[in-house]
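Here is a friendly walk through the model, written to be read with the structure open beside you. Shall we take a look?

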Amino acid sequence: MSGGLTARLRSKDGWAVRNAVLTVTDLTGQQTARADGDDDGLIATDPLDQGMYTAIVMAPGYEPAARTVVVPAGGSATLGTVTLSRSAAGVPLPPPGKWSIDPVHSAVTVTARHLGIASISGTIGDFSGVIQIAEPVEQSTVKAVLKVDSLSTGNKMRDDHLRSADFMDVSKFPEIVYEGTSVTPAGGERWTVEGRLTLHGESQQVQLDLSYLGTGPDPWGGTRAAFRATTELKREDFQVTWNDVLPSGAVMIGSVVQIALDIEAVQGDLPEM
């Protein structure tokens with residue numbers, strides 16, 4: 001990467017810092033350049049005039065860092081490696097290690113549009129999963145398994161249809177599996193989970209928008225962490241394509257499905273209840 005002012009952005013544990021912004025101001029405080037970092041933590045502005053500048057680096061979840069730099073006549077200079085400290089604001093992250101999802105105190109909600117004017121929601125009641133909080137936290141992983149035959153919308157006829165070959169084909173595809181492979185800070189207590197969802201025999205990359213809600217003791221002598229995650233899926237991506245068109249032209253079921261996960265996880269293994 002080449003340009004005016006360049007930098008290599010790293011966290012304290014040596015990982016590339018993504019989604020960073022470099023702002024450059026002159027001695028009067030006037031902004032003279034701005035650049036976005038790439039996924040490898042590299043960032044570069046356009047060439048600058050000769051002079052002294054202040055460079056400010058900001059990234060979601062990290063404390064800003066400021067540097068003074070002198071740019072020579074050639075218009076290029078480097079800040080070298082800039083190490084960013086994770087922001088002290090907000091909720092402390094969970095301790096590293098295994099965290100087991102507690103299905104009794106968690107919920108998986110699925111919502112689809114109906115007739116183009118309303119929404120119908122259902123829940124998946126039988127699921128399990130393990131979150132591995134890593135050091136660095138960006139390497140954390142999660143694996144969750146959901147039993148499709150536990151999907152319920154509160155109406156037996158509709159639920160039987162959803163479990164049939166028209167939709168989820170439970171006899172052939174009894175489980176939904178999500179495997180998250182990394183997380184990226186998105187500002188404050190928000191994170192993006194990168195992972196792969198296997199549903200109805202199809203596997204696709206799916207991002208989760210994750211909010212970390214905090215950690216605390218529970219009544220059974222354990223420690224719990226709470227999360228909320230959301231995403232949207234296109235049914236066609238997973239070959240769930242059944243629909244019906246009404247005389248008005250409206251379709252019975254929308255193509256986009258919203259997923260909301262309200263999760264409590266226990267540090268270590270689930271307790272005997």
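## The four-stranded sheet

Within strand β5, Thr54 is the bridge partner of Thr25. Strands here are DSSP runs of E with at least two residues, helices are runs of H or I with at least four, and both are numbered from the N terminus. That bridge belongs with the pairing of β2 (residues 21–25) and β5 (residues 51–58), which run antiparallel and are joined by five bridges. Two strands count as paired if DSSP finds at least two bridges between them.

Both strands sit in an open sheet of four, ordered β3-β2-β5-β6, with antiparallel pairing. At the edges stand β3 (31–36) and β6 (65–71); each has a single partner strand, so one side of each is left without a neighbour in the sheet. From one strand to the next the twist averages 20 degrees, taking axes as lines fitted to C-alpha atoms and angles from 0 to 180 degrees between N-to-C directions.

## How to read the values

This is a predicted model in which local features need pLDDT of at least 70 and side-chain atom pairs count only at pLDDT 80 or more, while totals for chains, interfaces and linings use all residues. Residues are numbered from 1 along each chain as its sequence is written, and side-chain values use heavy atoms, leaving out hydrogens and water.

## Pairing around β12

Strand β12 (residues 141–147) pairs with β11 (residues 127–133) in the antiparallel sense over six bridges. You can find one of the matched positions at Val130, whose bridge partner in β12 is Lys143. In the loop between β11 and β12 lies Pro136, and the peptide bond leading to Pro136 from Glu135 is cis, with omega near 5 degrees.

β12 is also joined to β14 (residues 175–185) by six bridges, and these two strands run antiparallel. Here Val142 stands opposite Gly180 in β14.

## Two nonpolar cores

Which residues have the most contacts inside the largest nonpolar core? They are Ile131, Ile176, Leu197, Leu199 and Phe227, in a core of 40 residues. A nonpolar core is a set of buried Ala, Val, Leu, Ile, Met, Phe, Trp, Tyr and Cys residues joined through side-chain atoms within 4.5 Å. Strand β18 (residues 253–267) gives the most to this core, contributing six residues. Another core, of 23 residues, lies apart from it and includes Val17, Ala33, Ala35 and Leu79.

Leu199 is a good residue to click on: beyond its neighbours within four places in sequence, Leu199 is in contact with Met168, Ile176, Leu233, Phe238 and Val240. Contact means heavy atoms within 4.5 Å.

## Asp169 and His200

Asp169 is found in the loop between α1 (156–163) and β14. Its relative accessible area is 13%, so Asp169 is buried; the cut-offs are under 20% for buried, over 50% for exposed, and partly exposed in between, with a 1.4 Å probe and protein chains only. Asp169 has no salt bridge, and the nearest side chain of opposite charge, Lys172, is 4.3 Å away. For that label, Lys and Arg count as positive and Asp and Glu as negative, with His and the chain ends not counted.

Asp169 has a positive phi of about 50 degrees although it is not a glycine. Among the residues Asp169 touches is His200, which also has a positive phi, near 55 degrees. His200 has its place in the loop between β15 and β16 (202–217) and counts as buried at 14% relative accessibility.

## Salt bridges

A salt bridge here is a side-chain nitrogen of Lys or Arg within 4 Å of a carboxyl oxygen of Asp or Glu, and the count comes to nine. In helix α1, Lys156 and Asp160 are four residues apart, about one helical turn, and their closest N and O atoms are 2.7 Å apart. Lys156 is exposed at 63%, whereas Asp160 is partly exposed at 37%. Asp160 also forms a salt bridge with Arg163 (3.6 Å, N to O).

Asp218 and Arg224 form a salt bridge as well (2.8 Å, N to O). Asp218 is buried at 11% relative accessibility, and Arg224 is buried at 8%. Through salt bridges that share partners, Asp102, Asp218, Arg224 and Glu264 are joined into one network.
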